[in-house]
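Hi everyone, thanks for making room for me today. I'd like to walk you through one chain, so have a look at it on the screen before I start.

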Amino acid sequence: LFIQGTTSLDADTEWNTCEVILLENAVVGPDAILTVRPGVEVKSNFLNTGTNGTFGTVGLDVHGTLQAVGTKDHPIRFTSLTDNGWRGLTLRGQSNAIQHAFIDNAGTGVEITGTGSAEISDVVIEGLVNGDETVNLRGQNGILAHTGANAVFKRAVVKNFTIAGFRSTGGDQVLIEDSVLHNNQAGVRIEGENASSSCGTR
């Protein structure tokens, strides 16, 4: 399945083919649910229009709800189409769920805005170590939570990011349990006077 053109998914949608290619940015509308079935691999293209830094503008921007629930034997993968990475997942809506998934090669693996909530478990979030021979890239944040975000991460492995494995910009409520933050510039980075989190990490 190829998705071309800046696409808004305004009705409930299911991705159940083995491979989904995002050639340009995809947006899940505020009243829509995107369901990604076990075993599906979602690959995002690299387009750089001068915004969103060197990782370009292509990602999955969820204003509604993302239900990406894989299994141990058939995990879901969100990754890049090219060697230069992709922007990442942005969760703006409520009741998002990601389970048994790999999220790799993104500038920011999972970004949760102040209106977003998510339950994420049994995931590996890994930053891009290098781009192609003309671009030297490293992923910036594994998990980025903004003021007002509400999220639970369980049994997550977050590694190889140049700013932080988990970064909070203040005021959010995030629980990280039984998780490993490895080989990041900072394991946990909390910004802002009102930020709070409860971590069971190692």
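Here's a warm-up: which residue in β17 is the bridge partner of Ala145? It's Ser168. Before I go on, please keep in mind that we're looking at a predicted model.

Let's stay with that pair for a moment. Strand β15, residues 141-145, is joined to β17 by four bridges, and the two run parallel. On to the next strand: β17 also pairs with β19, residues 188-190, again in the parallel sense, this time over three bridges. There, Phe166 stands opposite Val188. And is β17, residues 164-168, mostly covered or mostly uncovered? Mostly covered, with five of its five residues buried.

Now let's jump towards the start of the chain. Strand β4 covers residues 19-22 and strand β7 covers residues 41-44, and they pair in parallel over four bridges. In that pairing, Val20 stands opposite Val42. β7 also has a parallel pairing with β10, residues 76-80, over four bridges. What does Val42 have as its bridge partner in β10? That would be Phe78. So you can follow a path with your finger: Val20 stands opposite Val42, and Val42 is bridged to Phe78.

Those strands also carry some charged residues. Side chains of opposite charge can pair when their charged atoms come close. The count for this model comes to nine salt bridges. One of them joins Lys43 to Glu19, with the closest N and O atoms 3.0 Å apart. That pair links distant parts of the chain, since Lys43 is in β7 and Glu19 is in β4, 24 residues apart. Glu19 is partly exposed, because its relative accessible area is 33% and the partly exposed range lies between 20% and 50%.

Lys43 has another salt bridge, to Glu41, and there the closest N and O atoms are 3.8 Å apart. Glu41, in turn, forms a salt bridge with Arg77, at 2.9 Å between the closest N and O atoms. Glu41 sits in β7 and Arg77 in β10, so this pair ties together parts that are 36 residues apart in sequence. Arg77 has a relative accessibility of 32%, so it counts as partly exposed. Put these together and you get a network of salt bridges linking Glu19, Glu41, Lys43, Arg77 and Asp104.

Okay, from charges to the greasy side. In soluble globular proteins, nonpolar side chains tend to be buried together. Here the largest nonpolar core has 43 residues. Which of its members touch the most other members? They are Trp15, Val36, Leu60, Leu66 and Phe78. We've already met Phe78, as the partner of Val42. Take Leu60 as an example: leaving out residues up to four places away in sequence, its contacts include Trp15, Leu34, Leu66, Phe78 and Trp86.

Another residue to find is Thr108, in strand β13, residues 108-112. Thr108 counts as buried because its relative accessibility is 9%, and buried means under 20%. Beyond its neighbours within four places in sequence, Thr108 is in contact with Arg87, Gly88, Leu89, Asn141, Gly142 and Leu144.

A quick look at a loop now. Glu24 lies between β4 and β5, and it is partly exposed, with a relative accessible area of 26%. Glu24 and Thr57 are 33 residues apart in sequence, yet their C-alpha atoms are 7.7 Å apart in space.

Two backbone angles deserve a mention. Most residues other than glycine have a negative phi. Asn105, in strand β12, has a positive one of about 70 degrees. Asn183 also has a positive phi, near 60 degrees. Asn183 is in the loop between β18 and β19, and at 47% relative accessibility it counts as partly exposed.

Last thing: how confident is the predictor? The chain averages a pLDDT of 86, and 82% of the residues score at least 70. Where is confidence highest, and where is it lowest? It is highest in strand β9, residues 65-69, at a mean of 98, and lowest in strand β20, residues 196-201, at 52. Also watch residues 131-136, where pLDDT stays under 50. For that stretch the model has eight contacts beyond four places in sequence.

That's my tour, and I'm happy to take questions.

Key
Residues numbered from 1 in each chain as written. Predicted model: local features only at pLDDT ≥ 70, side-chain atom pairs only at ≥ 80, totals over all residues. Heavy atoms only, no water. Pairing = 2+ DSSP bridges. Buried < 20%, exposed > 50% of the residue type's maximum accessible area, 1.4 Å probe, protein only. Contact = heavy atoms within 4.5 Å. Core = buried A, V, L, I, M, F, W, Y, C linked by side-chain atoms within 4.5 Å. Salt bridge = Lys/Arg side-chain N within 4 Å of Asp/Glu carboxyl O. pLDDT = per-residue confidence, 0-100.
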